[in-house]
Amino acid sequence: MTQRVLIAADKFKGSLTAVQVAERVTAGLRRVVPGVQVEAMPVADGGDGTVDAAVAAGFERREVRVAGPLGDEVTAAFALRGDTAVVEMAEASGLQRLPAGVFAPLTASTYGSGELLRAALDAGARTIVFGVGGSATTDGGAGMLSALGARFLDADGEPVPPGGGGLGDLAVADLSGLDPRLASVELVLASDVDNPLTGPKGAPAVYGPQKGASPDDVATLDAALAHFAKVLEESVGAEAAEHAAAPGAGAAGGIGYGALLLGARFRPGIEVMLDVLGFAPALERADLVITGEGSLDEQTLHGKAPAGVAAAARAAGKEVVAVCGRLALAPEALGRAGIRRVYPLTEVEPDVAKCIADAGPILEQVAERIAGDFLS
């Protein structure tokens with residue numbers, strides 16, 4: 001009987017895209033078992049690579065010019081199939097959009113992410129999966145809301161400056177001009193983090209330093225976002241405070257909060273993406289599932305793509321193995337996650353720098369080992 005393999009892996013950040021991971025694993029498997037049937041389903045958890053995963057699954061790639069995090073124009077993409085759109089905030093407002101070595105923790109804006117959402121509405125989307133992660137921003141989604149028609153004014157009636165730092169001067173928040181189409185769209189906030197907006201586990205404290213925020217910047221941003229939520233509470237009511245404390249509000253520099261204000265429903269990013277990509281029927285057809293990402297570590301277990309794939313596969317009674325660049329999890333933790341065995345690149349090439357530089361060919365060798373152990 002011909003064996004069927006489903007490859008549902010995320011990217012190896014800095015080395016291979018999720019699509020390339022699937023191609024390399026397929027090549028290695030077929031070198032050992034030429035007749036093996038392989039179904040490739042690149043996956044993502046809502047962060048960067050989410051649009052690419054949707055396009056690989058048959059969505060149409062749409063490109064649009066929007067504002068980058070510093071206000072300069074960039075070309076960003078979203079994915080569309082029928083009336084469902086997949087929008088990735090990192091396409092417009094991600095760290096990848098900043099010049100090398102440049103950070104702007106106080107001034108980077110999510111305005112372009114709002115423009116991307118508007119483009120999805122213009123394209124006829126009735127359901128929008130809004131994948132958030134990898135952001136350069138900590139503005140609570142204020143920029144995004146502005147692009148969709150909200151107004152945030154200081155005491156003189158002037159718009160507050162872009163970025164989270166400027167929200168400290170906020171006096172008036174007016175959401176009455178929001179795009180009316182938002183009221184009739186299903187908006188799903190897809191994220192792998194469940195932090196609240198502010199406080200010790202909030203967006204500035206936990207993720208601000210990754211975006212170049214100093215301890216003083218973190219304190220400024222936390223106070224500014226708390227003030228932002230307070231002013232919104234005065235204009236839209238108690239729900240603004242409830243949203244600020246809700247899981248996911250702190251995702252991607254607080255853009256999760258802005259999305260919740262728009263009526264979004266928060267779901268773990270990998271769960272949403274598996275639904276959108278049609279994972280369940282593909283899983284049914286498979287005898288073996290191969291998942292993975294660049295680093296399998298403690299973070300993997302908290303909502304990252306391989307954990308979501310393994311959980312779904314285990315529920316369906318399917319065998320799961322994983323590939324990765326480096327492995328930092330004990331066998332017991334992997335077993336609890338539903339992963340039978342892991343094949344790190346460092347088993348083939350102990351030099352980490354070489355693993356990163358030659359990830360593709362080494363991954364093919366790793367896949368040959370998987371074929372030898374599970375398929376031949």
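## Asn195 and its surroundings

Leaving aside neighbours within four places in sequence, Asn195 is in contact with Lys201, Val206, Tyr207, Ala246, Pro247, Gly248, Ala249, Gly250 and Ala251. The model in which these contacts occur is a predicted one, and in it Asn195 is placed in the loop between β9 (186-191) and α6 (203-207). Among the contact partners is Tyr207, and the side chains of Asn195 and Tyr207 are also joined by a polar contact of 3.0 Å.

Asn195 has a relative accessible area of 11%, and because buried means under 20%, this residue counts as buried. Another of its contact partners, Ala251, belongs to the buried residues of helix α9, the element to which the next section turns.

## Helix α9

Helix α9 covers residues 251-261, and 11 of the 11 residues are buried, so the helix is largely enclosed by the rest of the structure. The buried residues include the glycines Gly253, Gly254, Gly256 and Gly258, together with Ala251, Ala252, Ile255, Tyr257, Ala259, Leu260 and Leu261.

Within helix α9 lies Ala252, which has a positive phi of about 50° although it is not a glycine. Most residues other than glycine have a negative phi. Ala252 is buried as well, with a relative accessible area of 10%. A positive phi is also found after the helix, since α9 is followed by Gly263, whose phi is near 95°.

## Leu262, in the loop after α9

Leu262 is found in the loop between α9 and β10 (265-268), and with a relative accessible area of 12% this leucine is buried. When neighbours within four places in sequence are left aside, the residues in contact with Leu262 are Met144, Leu145, Leu148, Leu178, Leu182 and Leu187.

One of these partners, Leu178, is 84 residues away from Leu262 along the chain, yet the C-alpha atoms of the two residues are separated by 8.9 Å.

## Helix α10

Helix α10 spans residues 269-277, and seven of its nine residues are buried, so this helix, too, is largely enclosed by the rest of the structure. The buried positions are Gly269, Ile270, Val272, Met273, Leu274, Val276 and Leu277. After α10 comes Gly278, a residue with a positive phi near 80°.

## The chain as a whole

The secondary structure of the chain comes to 15 helices and 13 strands. For a chain of 376 residues, a compact globule would have a radius of gyration near 21 Å, and the value for this chain is 21 Å, which agrees. Taken along the principal axes, the box filled by the C-alpha atoms is roughly 75 × 45 × 35 Å. Of the 376 residues, 55% count as buried, and among contacts between residues at least 6 apart in sequence, 72% join residues at least 24 apart.

The accessible surface of the chain comes to about 14,900 Å², and 51% of this area belongs to carbon and sulfur atoms. As for charge, the chain has 30 positive and 48 negative side chains, and the centres of these two sets lie 7 Å apart.

Conventions
Residues are numbered from 1 along each chain as its sequence is written. This is a predicted model: local features need pLDDT of at least 70, side-chain atom pairs count only at pLDDT 80 or more; totals for chains, interfaces and linings use all residues. Side-chain values use heavy atoms; hydrogens and water are left out. Helices (H or I, at least four residues) and strands (E, at least two) are DSSP runs, numbered from the N terminus. The radius of gyration is taken over C-alpha atoms; the globule rule is 2.2 Å times the number of residues to the power 0.38. Buried means under 20% relative accessible area, exposed over 50%, partly exposed in between (1.4 Å probe, protein chains only). Contact means heavy atoms within 4.5 Å. Accessible areas come from the Shrake-Rupley method with a 1.4 Å probe; for residues, only the protein chains shown count as cover. Lys and Arg count as positive and Asp and Glu as negative; His and the chain ends are not counted. The place of a charge is taken as NZ of Lys, CZ of Arg, CG of Asp or CD of Glu. A polar contact is a pair of N or O atoms within 3.5 Å; within protein, one must be able to donate a hydrogen and the other to accept it, and residues adjacent in sequence count only if both atoms are side-chain atoms.
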